[in-house]
Each structure stands twice: as C-alpha cells, then as structure tokens.
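User: Please take a close look at a single part of this model. I would like one serine placed in its surroundings, followed by an account of the enclosed space in the structure.

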Amino acid sequence: ETVKGILDARPGRFVRLSVEDTGTGMDEETMQHIFEPFFTTKEAGRGTGLGLSVVYGIVRQHGGWINVASEIGRGAVFSIYLPASPVKPVEEEMRAVSLKLLRGSGERILLVEDEEGVRGFASEVLRGHGYSVAEAASVKDALDVFEREGGDFHMVVSDVVLPDRSGLHLVDRLLSRKPGLRVLLSSGYTDQKLQWPLIQARNYRFLQKPYTVADLLQAVREVLDQG
C-alpha cells in the first residue's frame, strides 16, 4: 500500500486498522489539534480531551502512526498503522509465566476511570487475574460505590483527571473513611504545576498512561504488597 504524503509514514510491513464514522466531520483547523492533550470540541463537562491524545501516545509507543481524513458533513476515517511483528512462541510462553506471578487473591479494587474504553480494559485485566473489581466513572460515583459496599476495598485505582473533581480529591475522601486503603493513581497527562507535586509529596504510586497488561498488574501488586 502506498502511504505517500502521510507525515509519519515510513517503509516496512504494517498492519492497518481503520475506524470510520458518519458524524459531522472536522475542518482542517480542528484536525491540526485533535491529538493535543485537553483539546476537545465537546461542551464543558462532557469530556476531558484526553481520549485521542492517549490513543496517539499508545500508537507512537508501539512504533506506529495515525492518519486522519475528514470533511465537514462527511464524518471521519482514522487509520492506525502498526508494525507487523509476529510474536515468537517462546516469548509468548515467558510472558504468560511472568503474568501468573502477578495474580491477585481476590483482593477488592475500586477502579475509577471516566474513559469507558480504558476502564473496560483495566477491569477485564484485573478480573482476569484474580481481583474483584467495582467500577466508577467519577468522584461522585466512586463515593457512592464505596459507601454502598461499606468501604470493603483493599485498594483504589483512580485516574487523576475526572469529570467532576480530581482523583486526589477522591483519594482524600476515601482515606478519611479508611486510612489503610492502598492507592494507585494513573493519567496520560498530569498537571505538573498542581497535581504531580502532591502525588510525589504523598508518596502515591503513579502509573503513566498508556500502560500494558503487565504494567498494570505489576503496579497493583507492588502497591498491595507494600509493608
């Protein structure tokens, strides 16, 4: 396939994944900014503007690129190109063995993430590796779940940027109810001026997005095993 004219394209064997919609489409100016952190065309309170920037980071981290084609009134097509690299059976077996060492033993985790796709991924990974997971999409939802379950959680895994309040605010509220609760915070882009110094000062474990299955399981296991 010829990809001449695509800025990030390079020679080689790649797998293409295309996603097309029939929405309102975008003009050239909007397409220049869609992968920037916190850029959004949605009204206030309807999104954080992190979804596409996280996708962009994941694709670049795996050696690929994204091409976008769109016109006003004609929807958009997002084409993701990833290097074709077959996994050797031995590598796959070693990876499976290492993940077994990170399995849980039924520990209860409150997972707070407003991006549905990320929340679904993290929840599936944790449940599939021996953890019990309750999900929430906002600070309010998380507090409601926590109260409804009587605070019966070993750990909270929360995004830093949430629709109603910050993940740090949520953690403060939860720790006031259960001081021994373990904390893991995650984000694609942290506000360096306000959030990051507080995360460091309180010695919370931080997991940078995008993360892999192994990254998530290792971070959760490390936090739970802290003395």
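Analyst: Ser-123 is part of helix α4, which covers residues 116-127. The model is a predicted one. With a relative accessible area of 2%, Ser-123 counts as buried, because the cut-off for buried is under 20%. The side chain of Ser-123 makes a polar contact of 2.2 Å with the side chain of Arg-127. Beyond the neighbours within four places in sequence, Ser-123 is in contact with Leu-111, Val-133 and Glu-135.

One of these contacts, Leu-111, also belongs to the lining of the largest cavity. The structure has one cavity of 30 Å³ or more, and the space in the largest cavity comes to about 50 Å³. Along with Leu-111, the lining includes Val-112 and Glu-113, then Val-157, Ser-158 and Asp-159, and finally Ser-186, Lys-209 and Tyr-211. Two elements each give two or more residues to this lining: β4, residues 108-112, and β6, residues 155-159. Of these, β6 supplies the largest share, with three residues.

By residue class, the lining of the largest cavity consists of four nonpolar, two polar and three charged residues. The charged residues are Glu-113, Asp-159 and Lys-209, and the polar ones are Ser-158 and Ser-186. Leu-111, Val-112, Val-157 and Tyr-211 make up the nonpolar group. Leu-111 thus appears twice in this account: as a contact of the buried Ser-123 and as a lining residue of the largest cavity.

Notes:
Residues are numbered from 1 along each chain as its sequence is written. This is a predicted model: local features need pLDDT of at least 70, side-chain atom pairs count only at pLDDT 80 or more; totals for chains, interfaces and linings use all residues. Side-chain values use heavy atoms; hydrogens and water are left out. On a 1 Å grid over the protein atoms alone, a cavity is a set of points where a 1.4 Å probe fits but cannot get out, and a pocket is an open set with protein on both sides within 12 Å along at least five of seven lines; lining residues have an atom within 4 Å of a point. Grid points are joined across faces, edges and corners, and a volume is the space filled by probe spheres set on the points. Helices (H or I, at least four residues) and strands (E, at least two) are DSSP runs, numbered from the N terminus. Buried means under 20% relative accessible area, exposed over 50%, partly exposed in between (1.4 Å probe, protein chains only). A polar contact is a pair of N or O atoms within 3.5 Å; within protein, one must be able to donate a hydrogen and the other to accept it, and residues adjacent in sequence count only if both atoms are side-chain atoms. Contact means heavy atoms within 4.5 Å.
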